[in-house]
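Please look through the structure below with an eye to its buried residues, its enclosed spaces and its charged pairs. The paragraphs that follow take these topics in turn.

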Amino acid sequence: MTSRIEAPDTHTDRALREILDRRGKTGFVVNAGAGSGKTTSLVKALAYVAGDRRKQLRARTQQVACITYTEVAAAEIHDDVHDDPLVYVSTIHGFLWDLVAPFQSDIGAWIERQLAAKLAEISEKIDKAGTPDKRRSAEQDRDRYQRQSDGLRSMRRFTYGIGPDYGKGQIGHADILKMVPHMLMTKPLLAKVVASRFPIIFVDESQDTESEVVKSLIHLYRTVQGDFLLGFFGDTMQQIYATGIGRIPAEPDWTLINKPENFRSSRQVLEVVNRVRAAGDGDQQIPGRTDEVTPEGHAYFFVLPADADRVTSMHTVRRWLAQRTSNDAWTSDAPGGAKILVAMHKLAARRLGFADLHAAFHVPKAPAALSAGFDEGTAWPIAPFLNVILPLCEASAAAIPRILRKHSTTLRDGITEPGVARQRLTAASEAVRELQTIVAKAGEGSVGDALRHTYKHGLIEATPLLSRYLDPDGEHKDQVMGEKTQEVLEKFLDCDVRELYGYLQYIRRESPYSTQHGTKGAEFPNVIVLLDDSEGTLPAHSYDKLLGLAELSDTDRRNKSSGKDTTVDRSRRLLYVCVSRARNELAIVLYATNVDAAILSLKAAGLADQPLTADDLSAT
């Protein structure tokens with residue numbers, strides 16, 4: 001038994017068991033605020049229904065499905081339920097691919113339609129080409145798409161990878177989110193098969209689940225016959241991805257469960273959490289622990305001038321906090337020290353030395369998959385460094401062969417004789433020594449030097465698009481690469497390889513800095529939240545607009561009048577996620593052009609009764 005399963009029941013746990021005891025078709029939505037123990041309720045529900053219906057599920061070779069957001073979260077839930085074979089836990093992408101993988105002909109038909117649409121789009125582009133060069137480039141792309149389409153005729157098996165290569169039968173991450181929901185809503189047989197295999201489906205982090213995925217699951221609920229249960233666990237105030245659906249459009253017969261407890265935060269922190277949330281959905285959280293075991297904690301709001309030196313002022317704030325609370329963790333950058341949350345990755349990149357790397361993946365109009373992937377540590381161009389190149393440069397001599405055998409294409413492909421394997425391992429080991437020299441030398445362009453070297457010697461397995469870039473006439477020459485993707489790759493390869501170490505420290509959460517995305521679901525004893533629009537905030541967010549220090553745009557006004565999401569809404573959710581990461585102590589630092597006006601706005605918004613200023617910091 002795990003600690004989560006053994007946790008005392010809340011009203012939510014009891015309400016969920018009542019729902020799980022029903023037969024027929026039913027659904028529910030659990031809205032659980034930060035620190036409420038959402039995952040605990042989900043795990044307890046999984047364990048209960050798997051145990052209660054074990055005999056029935058086994059007899060029908062069925063499972064209970066739980067869709068969650070990341071591999072880390074999926075592994076955590078697997079552990080919590082002791083890897084029970086009746087509980088199927090997967091990421092969204094993995095779940096969707098598992099559903100359609102047996103329907104190979106339908107996958108082929110979908111790819112064929114995609115390529116037909118691309119060819120039609122390219123034909124229009126050729127007709128409108130303004131210069132001979134643009135026309136020639138478009139014609140080359142048309143020929144590549146046509147060769148991919150021609151290759152489908154001989155394709156016998158379709159697979160799923162990070163990036164698509166239609167001509168070789170591979171679809172990518174983005175395809176999964178388009179293809180499978182469409183098939184669920186248009187292929188009655190697929191819907192019937194899914195419901196038969198998974199009569200119970202739970203969706204974790206529902207607010208950030210893509211809207212088309214949610215719509216297709218609700219369509220499944222509406223159309224299937226017999227026993228079927230669909231449940232969503234989430235919190236609308238914790239939606240941080242623009243593609244997320246936010247509030248789940250519950251069916252009329254579903255049960256709505258609100259879980260208001262907070263088992264994470266001290267009293268002072270929870271007060272701030274509730275103040276931030278008050279003007280959002282209006283829900284207020286209550287302490288989940290008894291008074292005797294709920295710490296008082298500390299929470300402070302600072303307003304500092306926007307022209308203050310950021311490094312110096314932050315050191316001053318952290319020293320003040322350490323002295324005021326008698327807690328040296330505020331000044332520590334080690335694990336367990338203060339976690340500093342910033343609105344965007346750019347701010348952390350400047351402080352941790354990977355600004356050029358960040359800029360490469362965030363050029364104007366960069367493909368969303370690349371910029372978002374960089375922010376989350378999953379971008380395909382950077383994966384070879386995180387998984388192979390840097391580990392090879394840091395590994396002991398004994399560990400290098402193990403890394404090579406796992407990732408090197410030259411050691412994996414076409415080897416039948418032991419002698420050949422030894423020869424290739426010797427050659428690969430020599431290539432590693434040369435790689436280590438390249439990385440040690442570093443300097444401008446060393447990212448490109450290291451990447452080309454490892455690709456040339458078969459030390460890495462590149463995605464189709466990366467292969468196309470590194471070897472335009474090679475195996476993946478028919479891949480079509482957009483101008484912006486090529487621009488990102490060119491700027492990336494021009495970077496200094498040393499920047500990757502600061503980036504790696506950041507995405508592994510080994511630095512004091514993070515964003516609301518990087519701390520999704522996490523908690524820390526001491527948290528500092530930086531509110532600083534002057535350093536270039538995310539286009540969709542503005543703390544100054546949230547606090548009334550900047551005018552709303554015309555788009556914001558139109559969205560507000562029509563009930564759509566605004567910059568203010570998104571900024572409030574971002575702030576809520578950040579402040580609710582704190583367990584014991586919290587500090588919010590606002591950099592403002594007009595300090596006095598900012599203080600008045602904070603008081604008027606009910607966020608802070610008595611904000612502190614630079615004068616208060618210098619008085620100690």
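A residue is called buried when its relative accessible area is under 20%, exposed when that area is over 50%, and partly exposed in between, as found with a 1.4 Å probe on protein chains only. This is a predicted model, in which local features need pLDDT of at least 70 and side-chain atom pairs count only at pLDDT 80 or more, while totals for chains, interfaces and linings use all residues. Residues are numbered from 1 along each chain as its sequence is written, and side-chain values use heavy atoms, with hydrogens and water left out.

Helices (H or I, at least four residues) and strands (E, at least two) are DSSP runs numbered from the N terminus. In helix H21 (residues 446-456), the buried residues are Ser 446, Val 447, Gly 448, Ala 450, Leu 451, His 453 and Thr 454. After H21 comes Gly 458, which has a positive phi near 70°.

Another buried position is Thr 12, whose relative accessible area is 0%, and which belongs to helix H2 (residues 11-20). Leaving aside residues up to four places away in sequence, Thr 12 is in contact (heavy atoms within 4.5 Å) with Val 30, Ser 41, Ile 257, Asn 258 and Lys 259.

Asn 258 and Lys 259 also help to line the largest cavity, together with Asn 31, Ala 32, Gly 33, Pro 260, Arg 277, Asp 283, Gln 284 and Gln 285. On a 1 Å grid over the protein atoms alone, a cavity is a set of points where a 1.4 Å probe fits but cannot get out, whereas a pocket is an open set with protein on both sides within 12 Å along at least five of seven lines; lining residues have an atom within 4 Å of a point. Grid points are joined across faces, edges and corners, and a volume is the space filled by probe spheres set on the points. There are two cavities of 30 Å³ or more, and the largest has a volume of about 50 Å³. Strand E1 (25-32) and strand E8 (255-259) each give at least two residues to the lining of this largest cavity.

The second largest pocket has a volume of about 330 Å³. Its lining comprises 16 residues, of which Gln 268, Val 272, Ala 299, Tyr 300 and Phe 301 are the closest to its centre. Helix H12 (267-278), strand E11 (298-305) and strand E15 (582-592) are the elements that contribute two or more residues to this lining.

Turning to charge, a salt bridge is a side-chain nitrogen of Lys or Arg within 4 Å of a carboxyl oxygen of Asp or Glu, and the whole structure holds 38 of them. In one, the closest N and O atoms of Arg 136 and Asp 133 are 2.7 Å apart; both residues lie in helix H8 (residues 132-151), three residues apart, about one turn of the helix. Arg 136 is partly exposed at 44% relative accessible area, and Asp 133 is exposed at 54%. Glu 296 and Arg 267 form another salt bridge, at 3.5 Å from N to O. Because Glu 296 lies in the loop between strand E10 (286-287) and E11, and Arg 267 in helix H12, this pair ties together parts that are 29 residues apart in sequence.

Asp 175, in helix H9 (residues 173-186), is buried yet has no salt bridge, the nearest side chain of opposite charge being that of Lys 178, 5.5 Å away; for this purpose Lys and Arg count as positive and Asp and Glu as negative, while His and the chain ends are not counted.
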